[in-house]
Amino acid sequence: MPDQDDSLLLYLNDAIATTRNKETLFRNVTEKLRLIFPFDAITIITLDAEHQYRRVFLRDYLGEVLLPDTAERKPSRMPVEGTPIEQFVRQPQLHQYDLQELLREYCFQPFEALLAKGMRYFTVVPLRTGGQLIGLLSLVARRRPELSALDADLLEKIGSLVAVAVTNTLAFEDIARREQEKTMQLALNNALLSIKERGELFRAIAAEINRVVPCDYFGVRVREANSPTRALAEFNKQPDGSFQPLDENRFDELPLTLRTKESMQLIFREPGVFVGEDFEALARRHELLRYIREERGTRSVLCAPLDTTEEATTVLIMASRQPFAFTEETLELILTLVPQVRLAIQNVLAFEQIDALRAQLEQERTYLIDEINTTAAARLDDFVGGSAVMQQVYTRLAQVAPATTTVLITGETGTGKELVARALHNLSPRKERALIKINCAALPAQLIESELFGHEKGAFTGAHDRRIGKFELADGGTIFLDEVGELPLDLQAKLLRILQEKEFERIGGRRVIHTDVRVLAATNRVLEDEVAAGRFRADLYYRLNVFPVRLPPLRERPEDVEPLMRHFLERFTKQMGKPVRGLRERDLRALQQYIWPGNVRELEHVVEQAVIVSQGAFLEFQGFAAAAQTAPALPEPNGPIRTLKDQERDHILQTLHRTAGRVSGPNGAAVLLDINPKTLEARMKKLGIQRTVEVK
Ligand SMILES: Nc1ncnc2c1ncn2[C@@H]1O[C@H](COP(=O)(O)OP(=O)(O)OP(=O)(O)O)[C@@H](O)[C@H]1O
């Protein structure tokens, strides 16, 4: 049939030169071939340059669907080694085989399936262009094809034409793919450059990628050593095609057995596609994947590592309910996007960090402004009083200030414990960061925890927003736990953990937060006694008492009274714009002899009051004069002994007199007497002191 052959060749030549559409082209080619050669199925495979991998380029079963389980359903790149194709590649000539014989040598599932469909004969035509073997054309038939020498010659020629067509098509596909890549990269770039919010950014990435590689799940997860993986962002595709973020806590509903660290560890660390049987095998081995398969109907997964550092691996994961949703090509495409996506993630995380720092700075700023308004930063120069006991204190302060050592400041009320804490902070390298004060006695017990550790949004009723705790706020700075002896026992345990491990969690949060905080604590209680009474944890006491600083009460250093007095006098006179007045010798002596239960603070108040009320040439200590007369601690040697009750009654009365009847509050009698206002009220009741009657 030479004429017919020539016209076929001409036809093919023409078709190949003019048809750009792969499907039309090969439909035409196979139809023509069938007219000449009685084959039942035609397959074209292509080979890579090293002939190690094969891809199915086209299958045509002439109307009869064969091999329903394997056709196009594998990742398209498959190895050559170990298959009969190895043999064809080694001797690239036109060959005819009996499938049964081939199968004796090789175990090859596609051929077994062909055989099961009644196919017996297999003709291989090498596809060559420019002397290079680029693929194979195979023709399969039920009946043995009788090929003449001319037929064989024709087939070889057809092979050459088909090879050109295949190469052209591949080149076109390659160009189209690169264009697609470029378009995607451009689209992604636009999104990545303009979006700074994490959720939105990842949603845009998911949507762009989904346009080319459809998926039902898109996520970026991070694996860190020794902890379950966590998501940077995760989305599920909705029926309307939009991507909705997945609930961060959705794994909380998992059966406990699945929430083990091992199960929650990321299994994907290499780029790969897991489809069909590969996915099923993986799901059988990995519990969590099996669960996701059941719950979400996931049947294939693609993963592409984005970033690997010593501490963490970040992986992009796509999943689909289709069993063969991804191929090696899709993976290659996704991998070309990795550098962009990595950069975008780094950007967005950097933005978040900046935001977090800005928020922290803002909080610190607001806090500091509040603080500055009430108290200025203290230095050692601010301490007045050169008594020997105080000299020892100053030396200890100067020694410990530059270290990160925890300091426990003890002393009666008003002895200057807070002043010491401020001085320690300001003398330390942390002075540029915040000094955060927490008054452990002034907070309702149920709020202290949130105050110290912060809480997540919705952690408890009323927690509308996330709140940063003071320990987090003080990161890099100092925290001052005032009245630490008042801390409830359960919080003592939590405080101990921070001191030991330097980490904590927000209430309602699962993330462990590390913090670098120097702790200063103060109390006017004798903590040893509190420990003995079971009200204070011994282990916490030892943790806090690393470097104790005890502030002596004013009565133990009467020589400091005068300089302190003069110091306050100068301050208040200036502050109030009052004229300078003299100090009577007897008043000074009375002040020095007084026992000062409220210590320096009480002295400060006495002077303040004197500056306010004095009119003449001398300072008047009206309220104090009475106290000074009755204050001597020792009674007359031979005088009548007064009962303790009387003594107590008088003492309370004097104090109330001084505070103009005020029991509680900063200027109340309870502060001066260093007892709880409720306790004072109870005592007053017991002693028959009625505020309104007695104090006018
Ligand atoms: N040595 C000192 N020199 C100058 N001022 C002092 C000195 N000691 C204390 N003060 C002042 O006395 C007042 C009370 O001090 P501070 O608040 O530090 O005492 P505190 O021991 O923390 O009291 P509390 O136990 O009641 O909290 C403050 O105004 C402080 O500035």
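## A walk through two sheets and a ligand site

Start by selecting residues 217–224 and 230–237: these are strand 7 and strand 8, which pair antiparallel through six bridges. Keep in mind as you go that this is a predicted model.

To get your bearings on this pair, pick R221, whose bridge partner in strand 8 is A231. Then follow the chain from one strand to the other. Strand 7 and strand 8 make a hairpin with five residues between them, and in its turn N226 has a positive phi of about 65°.

**Next stop: strand 9.** Select residues 243–245. Strand 9 runs antiparallel to strand 8, and three bridges join the two. Two pairs are worth showing as sticks: K237 stands opposite F243, and N236 has Q244 as its bridge partner. This is a hairpin as well, again with five residues between the strands. Click on G241 here, which takes a positive phi near 90°.

**Zoom out to the whole sheet.** These strands belong to an open sheet of six strands, in the order 9-8-7-12-11-10, with antiparallel pairing. Which strands stand at the edges? They are strand 9 and strand 10 (272–274); each has a single partner strand, so one side of each is left without a neighbour in the sheet. From one strand to the next, the twist averages 25°. Now add residues 198–212 to your selection. This is helix 7, which packs on the sheet and touches strand 7, strand 8 and strand 9. The direction of helix 7 makes about 50° with that of strand 8.

**Move on to the parallel sheet.** Here you will find an open sheet of five strands with parallel pairing, ordered 14-17-20-13-21. Strand 14 (435–439) and strand 21 (547–551) are its edge strands, each pairing on one side only. The twist in this sheet averages 20° from one strand to the next.

Inside the sheet, select residues 478–482 and 518–523. These are strand 17 and strand 20, which run parallel and are joined by four bridges. T478 has R518 as its bridge partner in strand 20. Then bring in helix 11, residues 388–400, which lies across strand 13 (407–411) and strand 21. Helix 11 runs at about 150° to strand 21.

**Now the ligand.** Centre your view on the ligand and show its surroundings: 15 residues surround it, the closest being T413, G416, K417, E418 and V600. Two elements give two or more residues to this shell, helix 12 (417–426) and helix 20 (599–613). Try colouring the shell by class, and you should find four nonpolar, seven polar and four charged residues. Where does the ligand lie relative to domain 3 and domain 4? Domain 3 (375–552) and domain 4 (557–694) both give residues to the shell, so the ligand lies between them.

**Last stop: colour by confidence.** The chain averages a pLDDT of 82, and 89% of the residues score at least 70. Select residues 63–75, where the pLDDT is below 50; this stretch has 18 contacts in the model beyond near neighbours in sequence. Then select residues 625–637, where pLDDT also stays under 50 and the model has 16 contacts beyond four places in sequence. Where pLDDT is low, the predicted coordinates should not be read in detail. For the complex, the predictor gives an ipTM of 0.97 and a pTM of 0.48.

Definitions and conventions
Residues numbered from 1 in each chain as written. Predicted model: local features only at pLDDT ≥ 70, side-chain atom pairs only at ≥ 80, totals over all residues. Near = placed C-beta within 6 Å. Nonpolar A, V, L, I, M, F, W, Y, C, P; charged D, E, K, R; others polar. Domains from an automatic or database assignment. Pairing = 2+ DSSP bridges. Axes fitted to C-alpha atoms, helices over the stretch in contact; angles between N-to-C directions. Contact = placed C-beta atoms within 7 Å. pLDDT = per-residue confidence, 0-100.
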